[in-house]
Amino acid sequence: MTTKRQRTFISIEIDPETKEAFSKKLGQEGKTVTGALKQFIEDYLSKEESISSPQKLSEVIKRLETVEKKVGIENAQLLGESAA
């Protein structure tokens, strides 16, 4: 027995020209309006999750600082070698 996924609908109002242009451009890219909007929502939600996690952000900052230090040391070594 298969389980049906629950679904809901979102309605927005836009002018017909905008809808037509949006649909046409998506069609040229092989995409649908529904698919593009679903992808936007998923991307938006995952972006919010990654930004809202200060622990993850502080981890990224620490890693970036480590990389910057290593690059600085290597650059100093390269400059020293080229001066010799």
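How many helices and strands does the protein have? Switch to a cartoon view and you will find 3 helices and 0 strands. Follow the chain from the N terminus and the elements run α-α-α. Keep in mind as you go that this is a predicted model.

**Stop 1: the whole surface**

Show the molecular surface for all 84 residues of the protein; buried residues make up 2% of them. The protein exposes about 8,500 Å². Colour that surface by element, and carbon and sulfur atoms account for 58% of the exposed area.

**Stop 2: the largest pocket**

Next, select Ile10, Thr34, Leu37, Lys38 and Ile41. Of the 19 residues that line the largest pocket, these lie nearest its centre. The volume of this pocket is about 690 Å³. A general thought on how such spaces are found: rolling a probe the size of a water molecule over the atoms shows where empty space is left.

Which elements give two or more residues to the lining of the largest pocket? Select residues 16–28 for helix H1 and residues 33–51 for helix H2, and you have both of them. H2 gives the largest share of the lining, with 6 residues.

Now try colouring the lining by residue class. You should count 8 nonpolar residues, together with 6 polar and 5 charged ones.

**Stop 3: Ile41 and the nonpolar patch**

Keep Ile41 selected, since this residue links two stops of the tour. Ile41 is found in helix H2 and is one of the residues nearest the centre of the largest pocket. Is Ile41 buried, partly exposed or exposed? Its relative accessibility is 36%, so Ile41 counts as partly exposed; the partly exposed range runs between the limits of 20% and 50%.

Add Ile10, Ile12, Ile14, Phe40, Tyr44 and Leu45 to the selection. With Ile41, they form a nonpolar patch on the surface, and together the patch has about 750 Å² of accessible area. Ile10 appears here too, having already been named among the residues nearest the pocket centre.

**Stop 4: the salt bridge**

Finally, which residue forms a salt bridge with Glu29? Select Lys31 and Glu29 and show their side chains: the two are paired, and their closest N and O atoms are 3.7 Å apart. The structure holds 1 salt bridge. In general, side chains of opposite charge can pair when their charged atoms come close.

Check the surroundings of both partners before you leave. Lys31 has a relative accessibility of 47% and therefore counts as partly exposed. Glu29 is partly exposed as well, because its relative accessible area is 42%.

Notes:
Residues are numbered from 1 along each chain as its sequence is written. This is a predicted model: local features need pLDDT of at least 70, side-chain atom pairs count only at pLDDT 80 or more; totals for chains, interfaces and linings use all residues. Side-chain values use heavy atoms; hydrogens and water are left out. On a 1 Å grid over the protein atoms alone, a cavity is a set of points where a 1.4 Å probe fits but cannot get out, and a pocket is an open set with protein on both sides within 12 Å along at least five of seven lines; lining residues have an atom within 4 Å of a point. Grid points are joined across faces, edges and corners, and a volume is the space filled by probe spheres set on the points. Helices (H or I, at least four residues) and strands (E, at least two) are DSSP runs, numbered from the N terminus. Ala, Val, Leu, Ile, Met, Phe, Trp, Tyr, Cys and Pro count as nonpolar, Asp, Glu, Lys and Arg as charged, and the others, Gly among them, as polar. Patches are made of residues with over 30% relative accessible area and no salt bridge: like charges are joined within 9 Å, nonpolar side chains (Val, Leu, Ile, Met, Phe, Trp, Tyr) within 5 Å. Accessible areas come from the Shrake-Rupley method with a 1.4 Å probe; for residues, only the protein chains shown count as cover. A salt bridge is a side-chain nitrogen of Lys or Arg within 4 Å of a carboxyl oxygen of Asp or Glu. Buried means under 20% relative accessible area, exposed over 50%, partly exposed in between (1.4 Å probe, protein chains only).
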